[in-house]
Amino acid sequence: MSTHDRTLFVGVDIGGTTTQVVVCDDDLTVLDRAETTTPAASGGQAMIDAALGALAPLLRRTPGRPAGVGVGAAGLVDSAAGRILVASDSFRGWSGFPVSAAVQDALGVPVFLDNDVNAFLLGEVWGGAVRGEPDVLGIALGTGVGGALWTGGRLFAGPHGAAGEIGHVPGFGDLPCTCGGRGHLETLASGRSIGARYAERTGRLLTAREVADATAHGDQDALAVYRDAGAGLARGIAIAAGLLDITTVVIGGGVARAWHLLEPAIRARLAEEPPVSGHPVRVFRTRLAADAVPVGAASRARLETTGGEAAVAA
């Protein structure tokens with residue numbers, strides 16, 4: 001078979017800040033990738049148009065025929081209907097948007113929508129840091145904090161599609177959260193919150209990455225903000241381990257680039273509060289990094305279109 005006849009799968013990650021797109025071959029090897037800014041304030045169609053605009057040159061220069069597209073999107077989603085149900089205030093015109101239909105109309109191939117953190121976890125279980133693990137909690141630290149559950153060798157979405165949403169578990173203080181609640185884990189550990197907590201301490205407005213950079217110069221306020229984020233994550237992980245008996249965790253997202261700042265606090269707090277099961281918690285940093293969500297989304301498309309048994313590499 002010539003390369004022009006080969007089957008391709010597309011993965012799209014629509015995040016609050018950036019949109020990632022990959023084109024994969026049949027075994028989910030990434031053949032090409034692109035990134036663009038997410039126009040989150042401009043509405044659902046603008047976000048889809050940005051993703052399609054990034055994808056178009058990849059398809060032109062990659063021989064083969066797309067068989068399916070997987071989309072990992074921020075927010076609570078209805079995968080069956082291909083729609084966004086609930087999105088944070090970072091987005092406009094996203095709640096209720098028919099993502100699958102919009103992409104399918106443009107490309108003429110089947111499209112499968114999932115929450116971006118579900119897709120992240122699929123990617124890491126497929127070929128990342130937790131490859132082949134049967135039970136995993138996935139946490140993505142980006143503009144917000146998302147979570148997903150993989151148990152018994154499959155994603156568990158819950159009866160309302162919100163299983164694993166650890167970022168919106170309360171009990172982490174009284175700060176207002178983007179979802180309208182208060183004291184959620186997201187108020188400590190998201191990229192936006194790290195910048196906000198640093199500004200409260202210093203009056204300086206920095207991004208999470210800039211706060212991380214400041215730690216290299218001995219900035220104690222920056223170190224404290226990341227220490228609080230790590231401790232908060234550990235507490236959330238301990239709660240999940242106690243409720244679900246899942247003791248394998250993979251953490252990704254843009255904020256996880258500062259792993260050297262988060263990891264010491266996570267491990268120290270977990271050592272103080274081990275699970276009642278007696279099994280130690282294993283915490284891994286993402287291996288696929290920015291590719292995790294789009295590759296996971298592509299694996300969903302591959303599974304759905306080929307009727308495979310599982311989206312996990314042997």
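Ile 239, Leu 243 and Leu 244 together make a nonpolar surface patch of about 290 Å² in this predicted model. Leu 244 belongs to helix 7, which spans residues 220-244. Elsewhere, strand 11 (residues 248-252) is largely enclosed by the rest of the structure, because 5 of its 5 residues are buried. The structure holds 13 salt bridges, and one network of them joins Asp 114, Arg 300 and Glu 304.

**Nonpolar surface patch**

- The patch formed by Ile 239, Leu 243 and Leu 244 covers about 290 Å² of the surface.
- Leu 244 has a relative accessibility of 42% and therefore counts as partly exposed.
- The helix that contains Leu 244 is helix 7, residues 220-244.

**Strand 11 and its partners**

- Each of the two faces of strand 11 is covered: Thr 248, Val 250 and Gly 252 are buried on one side, and Val 249 and Ile 251 are buried on the other.
- Strand 8 (residues 136-141) runs parallel to strand 11 and is joined to it by 4 bridges.
- Within this pairing, Ile 139 is placed opposite Ile 251 of strand 11.
- Strand 12 (residues 282-285) also runs parallel to strand 11, and 4 bridges join the two.
- In the pairing with strand 12, Val 249 has Val 283 opposite.
- From strand 11 the chain passes through helix 8 (residues 259-272) to reach strand 12, a β-α-β crossover that is right-handed.

**Salt bridges involving helix 9**

- Arg 300 and Asp 114 form a salt bridge in which the closest N and O atoms are 3.2 Å apart.
- Because Arg 300 lies in helix 9 and Asp 114 in strand 7 (residues 111-115), this pair ties together parts that are 186 residues apart in sequence.
- Arg 300 counts as buried because its relative accessibility is 15%.
- Asp 114 likewise counts as buried, at 8% relative accessibility.
- Arg 300 also forms a salt bridge with Glu 304, where the closest N and O atoms are 2.9 Å apart.
- Both Glu 304 and Arg 300 lie in helix 9, and their separation of 4 residues is about one turn of the helix.
- Glu 304 is partly exposed, since its relative accessible area is 39%.
- Through shared partners, the salt bridges of Asp 114, Arg 300 and Glu 304 form one network.

**Salt bridge within helix 8**

- Glu 272 and Arg 269 meet through their side chains in a salt bridge with an N to O distance of 3.6 Å.
- The two residues are 3 residues apart in helix 8, about one turn of the helix.
- Glu 272 is exposed because its relative accessible area is 59%.
- Arg 269, at 29% relative accessibility, counts as partly exposed.

**Pro 294 in helix 9**

- Pro 294 is located in helix 9, which comprises residues 292-306.
- With a relative accessibility of 0%, Pro 294 counts as buried.
- Once neighbours within four places in sequence are set aside, the contacts of Pro 294 are with Gly 11, Val 12, Asp 13, Gln 20 and Val 22.
- Pro 294 and Ile 139 are 155 residues apart along the chain, and their C-alpha atoms are separated by 16 Å.

**Positive phi values**

- Most residues other than glycine have a negative phi.
- Leu 28, which is not a glycine, has a positive phi of about 70°.
- The position of Leu 28 is in the loop between strand 2 (18-24) and strand 3 (30-37).
- Leu 28 counts as buried because its relative accessibility is 6%.
- Ala 289, also a residue other than glycine, has a positive phi near 55°.
- The loop that contains Ala 289 lies between strand 12 and helix 9.

Methods. Residues are numbered from 1 along each chain as its sequence is written. This is a predicted model: local features need pLDDT of at least 70, side-chain atom pairs count only at pLDDT 80 or more; totals for chains, interfaces and linings use all residues. Side-chain values use heavy atoms; hydrogens and water are left out. Patches are made of residues with over 30% relative accessible area and no salt bridge: like charges are joined within 9 Å, nonpolar side chains (Val, Leu, Ile, Met, Phe, Trp, Tyr) within 5 Å. Accessible areas come from the Shrake-Rupley method with a 1.4 Å probe; for residues, only the protein chains shown count as cover. A salt bridge is a side-chain nitrogen of Lys or Arg within 4 Å of a carboxyl oxygen of Asp or Glu. Buried means under 20% relative accessible area, exposed over 50%, partly exposed in between (1.4 Å probe, protein chains only). Contact means heavy atoms within 4.5 Å. Two strands pair if DSSP finds at least two bridges between them. A crossover is right-handed if, with the strands pointing away from the viewer, the path from the first strand over the helix to the second runs clockwise.
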